[in-house]
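Visitor: Could you take me on a close look at one part of this structure, the aromatic rings and what lies around them? I work at the bench, so please keep it concrete and connected.

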Amino acid sequence: MWMLLPMHGEQHYLVGLDLTGRRVVVVGGGTVAQRRLPRLVAAGARVEVISPDVTPAVQGIVDGGEAVWHAREYADGDLDGAWYVLACTSSPEVNARITADAEERRVFCVRADVAVKGTAVTPAVGEHDGLLVGVLAGGLHRRSAGVRDGLLTALRDGSIADHHDQPAGVALVGGGPGDPDLITVRGRRLLARADVVVADRLAPRELLDELPPHVEVVDAAKIPYGRAATQDFINTTLVDHAKAGRFVVRLKGGDPYVFGRGFEELIACAEAGVPVTVVPGVTSAFGVPALADVPVTHRGVAHEVVVVSGHVAPDDERSLVDWSALARLSGTVVILMGVERAAAFAQALMTGRPGDTAVSVIQEGSTRTQKVVRSTLASLADDIAEHGIRPPAIIVVGPVAALAAELPFRS
C-alpha cells in the first residue's frame with residue numbers, strides 16, 4: 001500500500017487495518033454508507049449497519065449477505081465488540097453520541113459530518129494492480145482526491161491527470177460487469193471529473209468510494225422484484241443537474257446500450273438540449289461468460305450468438321422474441337435477467353434443442369462472489385433452485401457452455 005502525507009497540516013497517522021472477520025459498525029444507511037460499505041465488505045469486515053432506513057443499494061448489499069442490517073435507531077451497547085465504527089447518520093447529535101461511545105470503548109470512529117471531531121478519518125483511496133493508495137491532506141478533501149487521482153492515472157497510463165473543469169453535460173458511462181478494473185480508461189477519467197454521479201446497483205460499487213466528498217451520489221438502484229428508481233426520475237435527475245451547470249456521470253453496469261436503457265436517457269437529454277457523451281462498457285453478456293471460461297463463440301462450435309432479455313416470459317404478449325426461431329438455432333443464446341423465468345425459457349428452447357444442451361449460469365460475474373453452475377436445459381430450473389442462484393445472473397445456452405470441461409488446468 002502506498003501512503004502519501006503532506007509536509008504540513010496533517011497530524012493523522014495513516015495505517016492499514018486488517019478488518020478480516022472483525023466487527024465493523026456503520027450507523028446510518030444513506031449515501032455515505034453506500035460509499036463506504038463496498039470497500040469494507042471487500043476488506044472482509046463483518047459489517048453491521050444500524051439505521052431505521054437504508055438506500056436500495058445498501059439493501060442490495062444486505063440482501064446479498066455481505067452485511068447485517070439492524071432496522072432501528074442507534075442504542076447503547078451497539079458498539080460492544082466493535083473494532084471500527086463509522087458514524088454517518090443525518091443527525092449531528094447522534095453522530096456525536098456515537099463518537100463519544102466509541103472513544104469510551106477505545107474504538108476508532110470516523111465521523112462523517114464533522115471529520116475533525118472523530119478519532120479516525122477516511123482517506124481518499126483508490127486501487128491499481130494490487131496497490132491500495134491512500135491520501136490525507138489535513139481535511140482538504142479536493143486536494144487529497146486530486147493527488148490520488150493523479151497518482152492512479154500515472155500508474156495506469158504513464159501520464160499525469162489533467163484536472164481541468166469538465167463542461168456541464170451528461171456522460172453515459174458503462175462500468176463493465178462489476179469488477180472496478182473492467183471500466184474503461186475514459187470512463188474512469190470522466191468519473192473522476194464528475195460533480196454528480198447517478199449510479200446503478202450493478203455499476204462497480206468500489207468506484208464510488210474513490211469519489212471526493214463534494215461529489216453528489218444519486219442512488220438509481222433497481223432491485224429485482226423490489227424497490228427501484230423510476231426511469232422518469234432518472235431522466236429528470238440527469239437533465240436538471242446538467243442544466244444547473246454540473247457535469248453528470250450516469251454510471252451503469254455493463255454497457256449503456258445493452259438492456260441498460262441508455263438510449264432512452266440520451267433521448268431525454270437530447271430533447272432537453274443537454275449534451276451527452278457515450279462511453280461504451282464491457283457488456284456482462286460477453287464479459288461475464290468469458291471470465292467463467294465460456295466463450296460465447298468458438299470456431300467450429302458456434303457461428304452465432306443472440307443476447308436476449310429475460311424480463312418477460314416467452315408466452316407474455318409483451319415479448320418481442322421469437323423463441324421458436326431461437327430454439328431452431330444451433331449457436332449461443334445469452335439470457336440476461338432470466339433467473340426467475342428460467343424454467344419457461346428452457347422449455348421454449350427445448351422445442352428445438354435437446355434437453356442435454358449445455359448451459360452455464362454465472363451469478364455476480366467478475367466479482368469476488370462469482371458463482372458458476374454448469375447444467376443442461378432439462379435440469380436448469382432444478383439446478384438454479386438447488387444452488388440458490390439469484391440475480392444478477394447470466395444464463396448461457398449452447399455447446400460453448402460445455403467447453404470449460406475440456407480444460408485440464410481449470411477447475
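Guide: Let's begin with Phe263, which is partly exposed in this predicted model, its relative accessible area being 48%. Tyr257 also counts as partly exposed, because its relative accessibility is 38%, between the 20% limit for buried and the 50% limit for exposed. A search through the whole structure turns up 2 aromatic pairs. In one of them, the ring centres of Tyr257 and Phe263 lie 5.7 Å apart with the planes at 80°, so this pair is edge-to-face. The other is stacked: Trp323 and Phe345 are 5.0 Å apart from centre to centre, with 15° between their planes. That pair links distant parts of the chain, since Trp323 belongs to helix α9 (residues 323-328) and Phe345 to helix α10 (residues 342-349), 22 residues apart. Trp323 and Phe345 are both buried.

Trp323 leads us on into the largest nonpolar core. This core has 21 residues, and Trp323, Val361, Leu380, Ile384 and Ile395 are the ones that touch the most other members. At least two residues of the core come from each of α9, β15, α10, β16, α11 (380-386) and β18. The biggest contributor is α10, with 5 residues. For a feel of the packing, pick Leu380: setting aside neighbours within four places in sequence, Leu380 is in contact with Ala342, Ala346, Val359, Val361, Ser375 and Ile395. As background, nonpolar side chains in soluble globular proteins tend to be buried together.

Some of the strands just named belong to an open sheet of 5 strands with mixed pairing, in the order β14-β15-β18-β16-β17. At its edges are β14 (305-309) and β17 (371-376), each pairing on one side only. Neighbouring strands are turned by 20° against each other on average, direction ignored. Within this sheet, strand β16 (residues 358-363) pairs with β17 in the antiparallel sense over 6 bridges, and Ile362 stands opposite Val372 in β17. Helix α8 (residues 284-291) packs on the sheet, where it touches β14, β15 (332-336), β16 and β18 (393-397), and its direction makes about 80° with that of β18.

Now back to Phe263 and the helix packing there. An open sheet of 5 strands with parallel pairing runs in the order β11-β10-β12-β9-β13. Its edge strands, β11 and β13 (276-279), have a single partner each, so one side of each is left without a neighbour in the sheet. The twist from one strand to the next averages 20°. Strand β9 (residues 169-174) pairs with β13 in the parallel sense over 4 bridges, and Leu172 stands opposite Val278 in β13. Helix α7 (residues 262-271) packs on this sheet, touching β9, β12 (247-252) and β13, and its direction makes about 175° with that of β9.

One more ring deserves a stop: the charged end of Arg22 sits over the ring of Trp83, 4.4 Å from its centre.

Finally, a second, separate core of 20 residues includes Val49, Ile61, Cys88 and Val110. Ile61 is one of the buried residues of α2, a helix (residues 56-63) with 7 of its 8 residues buried. The cover over those buried residues includes α1 (31-42), β4 (68-70) and β11 (216-219). After α2 comes Gly65, with a positive phi near 80°.

Definitions and conventions: Residues are numbered from 1 along each chain as its sequence is written. This is a predicted model: local features need pLDDT of at least 70, side-chain atom pairs count only at pLDDT 80 or more; totals for chains, interfaces and linings use all residues. Side-chain values use heavy atoms; hydrogens and water are left out. Buried means under 20% relative accessible area, exposed over 50%, partly exposed in between (1.4 Å probe, protein chains only). Contact means heavy atoms within 4.5 Å. Rings of Phe, Tyr and Trp (its six-membered ring) pair if their centres lie within 6.5 Å; planes under 30 degrees apart count as stacked, over 60 as edge-to-face and the rest as tilted. A charge sits over a ring if NZ of Lys or CZ of Arg is within 6 Å of the ring centre and within 35 degrees of the ring normal. Two strands pair if DSSP finds at least two bridges between them. Axes are lines fitted to C-alpha atoms, for helices over the stretch in contact, and angles run from 0 to 180 degrees between N-to-C directions. A nonpolar core is a set of buried Ala, Val, Leu, Ile, Met, Phe, Trp, Tyr and Cys residues joined through side-chain atoms within 4.5 Å.
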